[in-house]
Amino acid sequence: MNASPGTSRSALSVLRPLSLGQLLDRAIRLYRRNFLKFLGIIAIVQIPVTLLQIVSTTLTTSNILEMARVPATQATRDSAYLNLCGGLLGVFLISIAGFILIQVVGAAALTRAVADSLLGKASSILGSFRKIGASWLQLLGAYLLVMLIGAGLVIWTVVPCAGWLTGPSMFVVLSGMILPLVVPVVVLEGKSTSQALRRAWDLARRRFWWVLGFVFILYLFSMLVVSGPAALLNVLVSSGSRIGEAAAFNVMGTVLQSLVTMLFSLLYLPLQLTAFTLVYLDLRVRTEGLDLALQASEFDSESAQPSEIDLPGLLAQAPPAETGQLVTSTEFGYFILLSILAIVVYAIFIGLFMGLVSLGSLL
């Protein structure tokens, strides 16, 4: 697909190194400018899944409460257990389908839409889904591979000393730094499952602490925007159950919490994917000269037709895969330091909490 000269100039203006504050500001501005489109891409896949989850979870919860409340004969008890098992299986299958539709298909389509919008290319909600083609299958494979690696890291964590000091931090890096970068790597570069993981790690390790700090900021933001309201609602509903019928409040709490989580996830997930797409492009600009490659493409085509600059093709032209060590001794030191920092912060938090409790008891 060809880009217009205006498109290339727009791309040149945005493909430049950004500070953390500039990157967050650009992500928010881009999200605000394309609010309905980005929200619509996620809503198409998330709303039907959430409604199915609410129905399935509500029926299962009601069945459990009914079993606990009403004495039953052996025949009715067996029937209730079968219904319960069927309900739990339904919740499990809907959860898997929701993960695939939201975190794989929806994330791929939104990443494509973010890149198109950032680089000045026209796109639509359905067009963004069409553009991802079969890349969502590669992305699904990457997620499954990450789960296997994560299981291995959990086992590594129980190994004395070395595992204790590196396992938890490795898991954080895998899930918080590498996995989010896998999405643009697969969608925009067309990498295979195994190539995408190595490529995402090679990008993240070039600015290890910067990317980690960015992930931490987004994590705090998600806790405030998504987890906080859902947790507050859960507390309010739980306290309300003391003044009403517990079963009714439990079911109502499940429905309300699911709806609130869906609402705030719809608002936050597009911003998260937008931000990580910008992080991916910033890493390529800083370490691979993506902006210079775009300038070279525009200059080479100037004598012919500048409109023939292929921005998607340019993004797909990634450098050859690195063949060095997967993890260097310096990076092992990073993992150890990260684990030590986490232990220190946790100890400070516990100390402050115990101090406040002691002070409260004295007062």
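## A tour from Cys 161

Select Cys 161, which is exposed, with a relative accessible area of 53%. The model on screen is a predicted one. Cys 161 sits in the loop between α6 and α7. Most residues other than glycine have a negative phi. At Cys 161, however, phi is positive, near 65°. Why does Cys 161 count as exposed? The cut-off for that class is over 50%, and Cys 161 has 53%.

**Whole chain**

Zoom out and colour by secondary structure. The protein chain has 13 helices and zero strands, so a run of elements from the N terminus reads α at every position under the DSSP assignment. Of the 363 residues, 42% are buried. Among contacts with a separation of 6 or more, 80% join residues 24 or more positions apart.

**α7 against α8**

Go back to the loop of Cys 161 and move on to α7. Select residues 162-189 for helix α7 and residues 193-206 for helix α8. Two packed helices are described by the angle between their axes and the distance between the axes. Here the angle is about 115° and the axes are 8 Å apart. The crossing of α7 past α8 is right-handed.

Show side chains at this contact. On the α7 side, pick Val 173, Met 177, Ile 178, Leu 181, Val 182, Val 185, Val 186 and Glu 189. On the α8 side, pick Ala 196, Leu 197, Arg 199, Ala 200, Trp 201, Leu 203 and Ala 204. Which classes of residue make up the contact of α7 with α8? There are 13 nonpolar and two charged residues, and no polar ones.

**The second largest pocket**

Keep α7 and α8 on display and add α6, residues 135-157. Each of these three helices supplies at least two residues of the lining of the second largest pocket. This pocket holds about 350 Å³ of space. For its lining, select Ile 149, Leu 153, Met 170, Val 173, Leu 174, Ile 178, Leu 197, Arg 198, Trp 201, Leu 326, Val 327 and Phe 335. Which helix gives the most to this lining? Helix α7 does, with four residues. Eleven of the lining residues are nonpolar, one is charged and none is polar.

Several of these residues were already selected for the helix contact: Val 173, Ile 178, Leu 197 and Trp 201 are among the residues of the α7 and α8 contact, and they also appear in the pocket lining.

**Ile 149**

Centre on Ile 149, one of the residues lining the second largest pocket. Ile 149 belongs to helix α6. Its relative accessibility is 36%, so it counts as partly exposed. Not counting residues up to four places away in sequence, Ile 149 touches Leu 174 and Leu 197. Both of these partners are in the lining of the second largest pocket as well. Draw a distance from the C-alpha of Ile 149 to that of Phe 171: the two residues are 22 apart along the chain and their C-alpha atoms are separated by 8.8 Å.

**The largest pocket**

Rolling a probe the size of a water molecule over the atoms shows where empty space is left. The largest pocket has a volume of about 1,500 Å³. Where is its centre to be found? Select Ser 175, Gly 176, Tyr 219, Ser 222 and Gln 272, which are the closest to the centre among the 48 lining residues.

Now show the helices around the pocket. At least two lining residues come from each of α3 (35-69), α4 (74-118), α7, α9 (208-240), α10 (246-288) and α13 (329-362). The largest share, eleven residues, is from α10. By class the lining has 30 nonpolar and 18 polar residues, with no charged ones.

**Two stops on α10**

Pro 270 is in helix α10. Is Pro 270 buried or exposed? Its relative accessibility is 0%, so it counts as buried. Leaving aside residues up to four places away in sequence, Pro 270 touches Tyr 31, Phe 38, Leu 39, Ile 42, Leu 110 and Ser 265. The C-alpha atoms of Pro 270 and Phe 38 are separated by 6.0 Å, although 232 residues lie along the chain from one to the other.

Leu 259 is also placed in α10. Leu 259 is partly exposed, with a relative accessible area of 33%. Its C-alpha is separated by 8.2 Å from that of Ile 54, 205 residues apart along the chain.

**Last stop: α4**

Finish at Leu 93 in helix α4. Leu 93 is partly exposed at 48% relative accessibility. The C-alpha atoms of Leu 93 and Gln 53 are separated by 9.7 Å, with the residues 40 apart along the chain.

Notes:
Residues numbered from 1 in each chain as written. Predicted model: local features only at pLDDT ≥ 70, side-chain atom pairs only at ≥ 80, totals over all residues. Heavy atoms only, no water. Axes fitted to C-alpha atoms, helices over the stretch in contact; angles between N-to-C directions. Left-handed = near helix turned anticlockwise from the far one by under 90°. Contact = heavy atoms within 4.5 Å. Nonpolar A, V, L, I, M, F, W, Y, C, P; charged D, E, K, R; others polar. 1 Å grid on protein atoms, 1.4 Å probe; cavity = no way out; pocket = protein on both sides within 12 Å on 5 of 7 lines; lining within 4 Å. Points joined across faces, edges and corners; volume = space filled by probe spheres on them. Buried < 20%, exposed > 50% of the residue type's maximum accessible area, 1.4 Å probe, protein only.
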